[in-house]
Amino acid sequence: MKIVSSIAELRDQLRGQLRTAFVPTMGNLHEGHLSLMRLARKHGDPVVASIFINRLQFGPNEDFEKYPRTFAADVEKLEKEGVYVLFAPTEKDLYPEPQEFRVQPPEEIGDILEGEFRPGFFNGVTTVVLKLFSCVQPSVAVFGKKDYQQLMIIRNMARQFALPTEIIAAETYRADDGLALSSRNGYLTDEQRAEAPALHRELINVANSVRAGQLDTALMEKHAMEKLTSRGWQPDYISIRKRINLQPASPAEIAKKEPLVVLAAAKLGNTRLIDNLEI
């Protein structure tokens, strides 16, 4: 595996490649990330991964400096997966001058759910993804469904900018007890780790209620939030939305079997977990 840090080195390594598959990450890799590499290989060759902790997507109350950095272990995992190139730029490599040009997602999708609780987050995500796409110039790029809203925003961005990159969605990789794999799981105590699958179970309960014919989304969301709160969680949201645009679904739309997704974000102790389930 080639490890490069400069954009010029990266382009030199990839010159002439016509079907590059790309998986961007912030490192601290786990089995969920590695499953994205395997899916990427099914859709393109060579596989390129990136590790870059993007300061632009961290809010003022989110500690950029404390984000776990496990580069040596990450390299070992990527080598075992047969990744061809690892692009690991420094901030000076990727942002040699202040990144004053930014991508601003539309309010109706960028300022709801995660965007409401993490203002500016998607501005930082879309800006760095567009820049990474410009550097790698991939034919396909793989993103996990665990970050459902992020996936939709990136897919819309690629379409509206007519980028020559197909966005591939990977199913959420879960532990045996249902917990979605996340770098943040490492912050959980043993007791919190045992409790953490309750978030996924609550999503299943909501999905089952919808499938059983319930139409009152506000009531279902309220009950789910209350159940998590009673177990010691601090939920930000549990919300039933239309898959097509993440807007609320009317009772009539639910009755007509509009494709839905229920999304959740909640703190367990100091660790904020997110998850979702398509209905």
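Which residues line the largest cavity? In this predicted model, the lining is formed by Lys146, Leu179, Ala180, Ser182, Asn185, Leu199, Leu273, Ile274 and Asp275. The structure holds one cavity of 30 Å³ or more, and about 60 Å³ of space lies in the largest cavity. Strand E9, which covers residues 271–278, gives the largest share of this lining, namely three residues. Sorted by class, the lining residues divide into five nonpolar, two polar and two charged.

Such spaces are found in a simple way: rolling a probe the size of a water molecule over the atoms shows where empty space is left. Besides the cavity, the model also has pockets to consider, and the second largest pocket contains about 220 Å³ of space. This pocket is lined by 16 residues, of which Ile51, Phe52, Ile53, Arg69 and Phe71 lie nearest its centre, and its lining has nine nonpolar, four polar and three charged residues.

The next topic is how pairs of helices pack, and the table sets out three of these pairs.

| Helix pair | Angle between axes | Axis distance |
|---|---|---|
| H7 (residues 121–136) and H8 (residues 148–160) | roughly 50° | within 11 Å |
| H10 (residues 198–211) and H11 (residues 217–230) | about 155° | 10 Å |
| H1 (residues 7–14) and H7 | about 50° | 9 Å |

For helices H7 and H8, whose axes cross at roughly 50°, the angle is neither under 35 degrees nor over 145, and it is also outside the range from 65 to 115, so the two helices are oblique to each other. H7 passes H8 in a right-handed crossing. On the side of H7, the contact is made by Phe121, Phe122, Val125, Thr126, Val129 and Leu130, while H8 brings Gln149, Gln150, Ile153, Ile154 and Met157. By class, this contact has eight nonpolar, three polar and no charged residues.

How are H10 and H11 oriented, roughly parallel or roughly antiparallel? Their angle is about 155°, and because angles over 145 degrees count as roughly antiparallel, H10 is roughly antiparallel to H11. The crossing of H10 and H11 is right-handed. Their contact joins Ala198, Leu199, Glu202, Asn205, Val206, Ser209 and Val210 of H10 with Met220, Ala224, Lys227 and Leu228 of H11, and the residues of this contact divide into seven nonpolar, two polar and two charged. Leu199 of H10 therefore appears in two places in this account, since Leu199 belongs to the contact with H11 and also to the lining of the largest cavity.

Helix H7 takes part in a further packing, with helix H1, at an angle of about 50°, which makes H1 oblique to H7. Here Ile7, Leu10, Arg11 and Leu14 in H1 meet Ser134, Cys135 and Val136 in H7, and the contact has five nonpolar, one polar and one charged residues.

Two details of the backbone deserve a careful look, and both are found in loops. In the loop between helix H2 (31–43) and strand E3 (47–51) lies Pro46, which is joined to Asp45 by a cis peptide bond with an omega of about 5°. In the loop between H7 and strand E5 (140–144) lies Gln137, and this residue has a positive phi of about 55° although it is not a glycine.

Notes. Residues numbered from 1 in each chain as written. Predicted model: local features only at pLDDT ≥ 70, side-chain atom pairs only at ≥ 80, totals over all residues. Heavy atoms only, no water. 1 Å grid on protein atoms, 1.4 Å probe; cavity = no way out; pocket = protein on both sides within 12 Å on 5 of 7 lines; lining within 4 Å. Points joined across faces, edges and corners; volume = space filled by probe spheres on them. Helix = DSSP H or I, 4+ residues; strand = E, 2+ residues; numbered from the N terminus. Nonpolar A, V, L, I, M, F, W, Y, C, P; charged D, E, K, R; others polar. Axes fitted to C-alpha atoms, helices over the stretch in contact; angles between N-to-C directions. Left-handed = near helix turned anticlockwise from the far one by under 90°. Contact = heavy atoms within 4.5 Å.
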